[in-house]
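Biologist: I'm new to this one, and I'd like a close look at a single part of it. Could you pick a helix and walk me through what lies around it, then work outwards from there?

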Amino acid sequence: MGATVAEMTADHINHEHEGHDDKHLSKSWQSALVTLGLMFAIGFFAMQTIGKSPAKPIHVEASNLTTPESQSLMQAIAPFGEMPFFGGNLHQIHDSVISLSWVEHATVRRDWYQGITVEAVPRKPIANFGSQEMIDANGVVFRPADKGDVMNLDLVTLHGSATQADAIMRQMQYVNQQFAPLGLTVDDLILTPRNTWVIRFHNGLRVVVDDENTTQKLHQLAQILNERFAERINDMQSVDLRYKNGFSIAWRNKK
């Protein structure tokens, strides 16, 4: 039998829907292709523009640096000269900056306006280390950018091998903690090649202790001085803890 009117009508409608969907799909593809083409053209133009941009000196973010630190940083990056936006090896620049012992952290990045930009965070000294270096809170020994910063009279001075710097710093902190009740703070601390500790407090009192049970001896001394000699601390010239049993005290000569 032939198709009914209803079947023919439904078939006609289906064909119309398919045609409409094909046209809609075709327009979507055309729109997507146009969008991709525009993005490619914009990207290509931007790359061409940036690629042709003139070379610039490396920019140093110096707002957190002293003048000597800024000058030291400029000298470190000077060999790289001027660079285009995508020129140069950022890792090499970073390695050059971080090789400066006074630099704790460094960031090298590309900035759309400044070009290649360098930012450095300087180490913060907590003590002098010897006569030419300093030490930070992490126990790292470094040379400050400004040589005038060394032997800062407001800081403790530590002496010893740089390989033992962290242990020397921790010893200073321990001594300050133990003798704080007596109002004593370390002014100068030395670890000799024979592992003898020489401690000088801010009032001039000198304490010498060997490397045998050092922590225990210092702890016991602080307790005894606090219990028996608190009123006579400033009369003491030195205390020698290099004995198996007990210690010796040298008194200041009173005029």
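**Around helix α5**

Modeller: Let's start with helix α5, residues 214-228, which lies across β11, β12 (206-209) and β13 (236-240). The helix runs at about 145 degrees to β12. Keep in mind that what you're looking at is a predicted model.

Now for the strands under that helix. β11 and β12 pair in the antiparallel sense, with 4 bridges between them. Look for Arg200, and you'll find it opposite Arg206 in β12. The two strands make a hairpin with 4 residues between them, and there Gly204 takes a positive phi near 100 degrees. On to the next pair: β12 and β13 run parallel and are joined by 3 bridges. Here Val208 has Asp240 in β13 as its bridge partner.

While we're in β13, stop at Ser238, which lies in that strand. Is Ser238 buried or exposed? With a relative accessible area of 18%, Ser238 is buried, because that value falls under the 20% cut-off. Leaving aside residues up to four places away in sequence, Ser238 touches Leu205, Arg206, Ser248, Ile249 and Ala250. You've met Arg206 already, as the residue that Arg200 stands opposite.

Next, the loop between α5 and β13, where you'll find Glu231. Glu231 makes a good contrast with Ser238: at 77% relative accessibility, Glu231 counts as exposed, whereas Ser238 is buried. Which residue can we pair with Glu231 across 49 residues of sequence? Try Leu182: the C-alpha atoms of Glu231 and Leu182 are 9.4 Å apart in space.

There's also a pocket to point out, and α5 comes back into the story. The largest pocket has about 250 Å³ of space. Its lining has 15 residues, and those nearest the centre are Lys217, Gln220, Tyr243, Lys244 and Gly246. Check the numbering and you'll see that Lys217 and Gln220 fall within residues 214-228, the span of α5. By class, the lining of this pocket divides into 5 nonpolar, 5 polar and 5 charged residues.

Let's step back to the sheet that these strands belong to. It's an open sheet of 9 strands with mixed pairing, and the order is β8-β7-β6-β9-β10-β11-β12-β13-β14. At the edges stand β8 (141-142) and β14 (248-251); each has a single partner strand, so one side of each is left without a neighbour in the sheet. You've seen part of β14 already, since Ser248, Ile249 and Ala250 are among the residues that Ser238 touches.

Another helix, α4 (residues 165-179), packs on this sheet too. α4 touches β6, β7, β8, β9 (156-159), β10 (186-191) and β11 (197-201), and its direction makes about 140 degrees with that of β10. Notice that β11 turns up under both helices: α4 touches it, and α5 lies across it.

Follow the sheet order away from α5 and you come to β6 and β7. Strand β6 (residues 125-129) and strand β7 (residues 133-136) run antiparallel, with 4 bridges joining them. In this pair, Pro125 stands opposite Asp136 in β7. Pro125 also has a place in the second largest pocket, where Glu69, Pro122, Arg123, Pro125 and Asp149 lie nearest the centre of a 14-residue lining. That pocket has a volume of about 170 Å³, and its lining has 7 nonpolar, 2 polar and 5 charged residues.

A second sheet is worth a look before we finish. This one is open as well, with 3 strands in the order β2-β5-β4 and mixed pairing. β2 (59-61) and β4 (103-111) stand at its edges with a single partner strand each, so one side of each lacks a neighbour in the sheet. From one strand to the next, the twist averages 25 degrees. β2 pairs with strand β5 (residues 115-122) in the parallel sense over 3 bridges, and His59 has Thr117 in β5 as its bridge partner. This sheet has a helix of its own to look for: α3 (residues 90-98) lies across β4 and β5, at about 155 degrees to β4.

Finally, the chain as a whole. It comes to 5 helices and 14 strands, and 32% of its 255 residues count as buried. Among contacts between residues at least 6 apart in sequence, 45% join residues at least 24 apart.

Key: Residues numbered from 1 in each chain as written. Predicted model: local features only at pLDDT ≥ 70, side-chain atom pairs only at ≥ 80, totals over all residues. Heavy atoms only, no water. Pairing = 2+ DSSP bridges. Contact = heavy atoms within 4.5 Å. Axes fitted to C-alpha atoms, helices over the stretch in contact; angles between N-to-C directions. Buried < 20%, exposed > 50% of the residue type's maximum accessible area, 1.4 Å probe, protein only. 1 Å grid on protein atoms, 1.4 Å probe; cavity = no way out; pocket = protein on both sides within 12 Å on 5 of 7 lines; lining within 4 Å. Points joined across faces, edges and corners; volume = space filled by probe spheres on them. Nonpolar A, V, L, I, M, F, W, Y, C, P; charged D, E, K, R; others polar.
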